[in-house]
Amino acid sequence: MSALVFFSGTMDCGKSTLALQIGHNRSARGLQGVIFTRDDRAGEGRLSSRLGLVTDAVEADEGMDLYAYLVDHLSRGGRADYVIVDEAQFLAPAQIDQLARIVDDLDLDVFAFGILTDFRTHLFPGSRRLVELADRVESLQVEALCWCGARATHNARTVGGEMVVEGAQVVVGDVNQAQGEVGYEVLCRRHHLRRTTSATARAGALSPDVLPVTPHVPM
């Protein structure tokens with residue numbers, strides 16, 4: 001039976017790497033897949049991993065009918081044995097419904113990869129719909145780590161190293177951005193709630209003592 005599987009996790013936990021690995025494994029067995037992505041860090045029509053792996057993909061633009069694309073692809077003599085969707089959190093709920101239809105009507109496995117919540121800890125609409133419709137939801141086993149060493153569970157948006165909690169839900173960026181640019185950092189819940197990023201933690205550690213220190217005078 002074909003299935004819609006949603007692989008979720010924070011940023012920097014290997015989602016795109018796993019997507020590429022699934023495609024590689026099936027390609028090595030002679031299968032051909034269609035890969036969709038949206039707003040990848042490598043640019044339009046690309047699926048990339050932070051490990052440096054990259055492949056061509058179909059850009060799933062806003063308003064694109066993914067089911068209709070597959071039907072047209074097959075009717076033109078194209079082949080599709082499975083479907084991979086990266087950055088699935090950016091898709092509209094209607095496009096997630098189309099992925100479910102691909103599974104049910106075309107009998108193709110669909111592997112979707114994405115993060116559950118945005119920088120404000122709110123569910124992305126696409127991710128919410130995937131949780132509602134997926135045959136199976138899998139949490140990525142590779143755990144991203146907060147700067148403190150604890151398991152990272154939340155995605156934070158940063159500007160100049162400082163966490164921000166307002167703005168559009170989707171702003172393309174990446175971890176390890178240059179100072180002053182919009183970037184992202186994964187944090188544990190404690191430090192997300194406290195808005196303590198690695199940059200502000202370092203600044204705090206370097207701040208001068210606020211309490212007077214009385215030198216010890218030997219007797």
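Two strands count as paired if DSSP finds at least two bridges between them. Helices (H or I, at least four residues) and strands (E, at least two) are DSSP runs, numbered from the N terminus.

This is a predicted model: local features need pLDDT of at least 70, side-chain atom pairs count only at pLDDT 80 or more, and totals for chains, interfaces and linings use all residues. Residues are numbered from 1 along each chain as its sequence is written, and side-chain values use heavy atoms, with hydrogens and water left out.

**Stop 1: the sheet**

Select the six strands of the open sheet. Their order is β5-β2-β6-β7-β1-β8, and the pairing is parallel. Go to the edges: β5 (58–59) and β8 (136–139) each have a single partner strand, so one side of each is left without a neighbour in the sheet. Strands of a sheet pair through backbone hydrogen bonds, either parallel or antiparallel.

**Stop 2: strand β2**

Select residues 33–37, strand β2. Four of its five residues are buried (under 20% relative accessible area; exposed is over 50%, partly exposed in between; 1.4 Å probe, protein chains only). The strand is therefore largely enclosed by the rest of the structure.

Now look to both sides. Two bridges link β2 to β5, in parallel. Four bridges link β2 to β6, also running parallel. Pick phenylalanine 36. Its bridge partner in β5 is valine 58. In β6, phenylalanine 36 stands opposite valine 85.

**Stop 3: from β6 to β7, and the helices**

Move on to β6 and β7. They run parallel and are joined by four bridges. Valine 83 stands opposite valine 110 of β7.

Add α4. This helix packs on the sheet and touches β1, β7 and β8 (contact means heavy atoms within 4.5 Å). Its direction makes about 130° with that of β1. Axes here are lines fitted to C-alpha atoms, for helices over the stretch in contact, and angles run from 0 to 180 degrees between N-to-C directions.

Add helix α1, residues 15–28. It lies across β1 (4–8), β6 and β7, and runs at about 160° to β7.

**Stop 4: aspartate 86**

Select aspartate 86, in the loop between β6 (82–85) and α3 (93–106). Is aspartate 86 buried or exposed? Its relative accessibility is 1%, so aspartate 86 counts as buried. Leaving out residues up to four places away in sequence, it touches Ser16, Phe36, Thr37, Arg38, Asp40, Leu47 and Phe113. Phe36 is the β2 residue standing opposite valine 85 in β6.

**Stop 5: leucine 74**

Select leucine 74 in helix α2 (residues 66–75). It counts as partly exposed because its relative accessibility is 32%. Which residues does leucine 74 touch, not counting those up to four places away in sequence? They are Arg79, Ala80 and Leu106. Leucine 74 and leucine 106 are 32 residues apart in sequence, and their C-alpha atoms are 9.9 Å apart.

**Stop 6: leucine 123**

Select leucine 123, in the loop between β7 (109–114) and α4 (125–133). At 36% relative accessibility, leucine 123 is partly exposed. Add Leu116, Val131 and Val137: with Leu123 they form a nonpolar surface patch.

**Stop 7: threonine 158**

Finish in strand β9 (residues 154–159), at threonine 158. This residue is buried, at 8% relative accessibility. Its contacts, beyond residues up to four places away in sequence, are Met163, Val164, Glu181, Val182, Gly183, Tyr184, Glu185 and Thr197.

Key:
Patches are made of residues with over 30% relative accessible area and no salt bridge: like charges are joined within 9 Å, nonpolar side chains (Val, Leu, Ile, Met, Phe, Trp, Tyr) within 5 Å. Accessible areas come from the Shrake-Rupley method with a 1.4 Å probe; for residues, only the protein chains shown count as cover. A salt bridge is a side-chain nitrogen of Lys or Arg within 4 Å of a carboxyl oxygen of Asp or Glu.
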